Amino acid sequence: MALTFELDPQVDGILRDGITELWTDVSNAGGAVGFVPPVTADDIRPELAKHLDALVGGRSRLLVGRDEDGAVAATAFLTLNTHRLMEHWLWLYTVMVHPRHQGKGYGRDLMDAAAEAARGIPGIEAVRLTCRGGAGIERFYASCGYKEVGRVPDAIRVAAGDDRDEIIMLLPLG
């Protein structure tokens with residue numbers, strides 16, 4: 001069964017807890033979403049609060065994928081640029097699919113839903129994201145139409161002596 005996606009859902013305690021659980025589980029499974037395992041929900045909450053504050057301020061939009069039980073199974077945050085010369089593209093942050101749902105094509109579904117959501121925002125011509133090198137995730141994004149447009153060597157330090165490239169990718173929406 002496919003995920004059901006919703007853009008700009010009402011954020012309440014249940015959704016907040018669902019995203020926290022998703023982010024914790026993805027991080028602890030080795031997902032490159034801003035943390036290195038092991039993490040707890042208490043580690044995730046402050047970072048999630050920053051994302052949710054951006055929603056309230058209108059700078060960001062939340063895309064949520066729910067499974068057949070209604071549980072949060074996937075997320076992505078579409079974040080608008082505030083610089084007047086860059087308002088024609090947006091950032092895609094915190095792209096996650098729960099580990100129990102990986103391998104089912106839901107990642108591609110999430111990326112398609114995110115691109116469709118971006119196309120619905122007036123003036124947006126492209127989506128930009130970054131990913132952590134060393135895991136091959138850039139190949140997945142490339143299969144979704146993204147092109148690598150830059151790389152910063154050793155920009156992400158996941159542990160002492162373990163630096164990874166930050167890979168910048170772009171999806172033109174035209």
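A helix crossing is termed left-handed if the near helix is turned anticlockwise from the far one by less than a right angle, and right-handed if clockwise. The model shown is predicted: local features need pLDDT of at least 70 and side-chain atom pairs count only at pLDDT 80 or more, while totals for chains, interfaces and linings use all residues. Residues are numbered from 1 along each chain as its sequence is written, and side-chain values use heavy atoms, with hydrogens and water left out.

**A. Helix α1 packs against helix α2.** Helices (H or I, at least four residues) and strands (E, at least two) are DSSP runs, numbered from the N terminus. The axes of α1 and α2 (residues 41-56) lie 9 Å apart and make an angle of about 120°; axes are lines fitted to C-alpha atoms, for helices over the stretch in contact, and angles run from 0 to 180 degrees between N-to-C directions. The two helices are therefore oblique to each other (under 35 degrees is roughly parallel, over 145 roughly antiparallel, 65 to 115 roughly perpendicular, and the rest oblique). Their crossing is right-handed. From α1, Arg16, Ile19, Thr20, Trp23, Thr24 and Ser27 meet Ala41, Ile44, Arg45, Glu47, Leu48, His51 and Leu52 of α2, contact meaning heavy atoms within 4.5 Å. This contact comprises 6 nonpolar, 4 polar and 3 charged residues (Ala, Val, Leu, Ile, Met, Phe, Trp, Tyr, Cys and Pro count as nonpolar, Asp, Glu, Lys and Arg as charged, and the others, Gly among them, as polar).

**B. Serine 27 of helix α1 and the loop towards α2.** Serine 27, within α1 (residues 13-28), counts as buried because its relative accessibility is 0% (buried means under 20% relative accessible area, exposed over 50%, partly exposed in between, with a 1.4 Å probe and protein chains only). Apart from residues up to four places away in sequence, serine 27 touches Val33, Phe35, Pro37, Val39 and Ile44. Proline 38 belongs to the loop between α1 and α2, and the peptide bond joining proline 37 to proline 38 is cis, with omega near 5°.

**C. The open sheet and the helices packed on it.** The 7 strands follow the order β1-β2-β3-β4-β5-β7-β6 with mixed pairing; two strands pair if DSSP finds at least two bridges between them. β1 (4-7) and β6 are the edge strands, each pairing on one side only. From one strand to the next, the twist averages 25°. Helix α2 touches β2 (60-66), β3 (72-80) and β4, and its direction makes about 115° with that of β2. Helix α3 (residues 106-119) touches β1, β2, β3, β4, β5 (126-132) and β7, at about 155° to the direction of β4.

**D. The hairpin of β6 and β7.** β6 (residues 147-159) and β7 (residues 162-172) are antiparallel and share 8 bridges. Isoleucine 156 has arginine 164 in β7 as its bridge partner, and glycine 150 has isoleucine 168. The hairpin has 2 residues between its strands, and glycine 161 in the turn shows a positive phi of about 80°.

**E. Valine 95 and threonine 94 in strand β4.** Valine 95, in β4 (residues 89-97), is buried at 17% relative accessible area. Beyond neighbours within four places in sequence, its contacts are Val33, Thr75, Ala76, Leu110, Met111 and Tyr141. Threonine 94 is buried at 13% and has a positive phi, near 50°.
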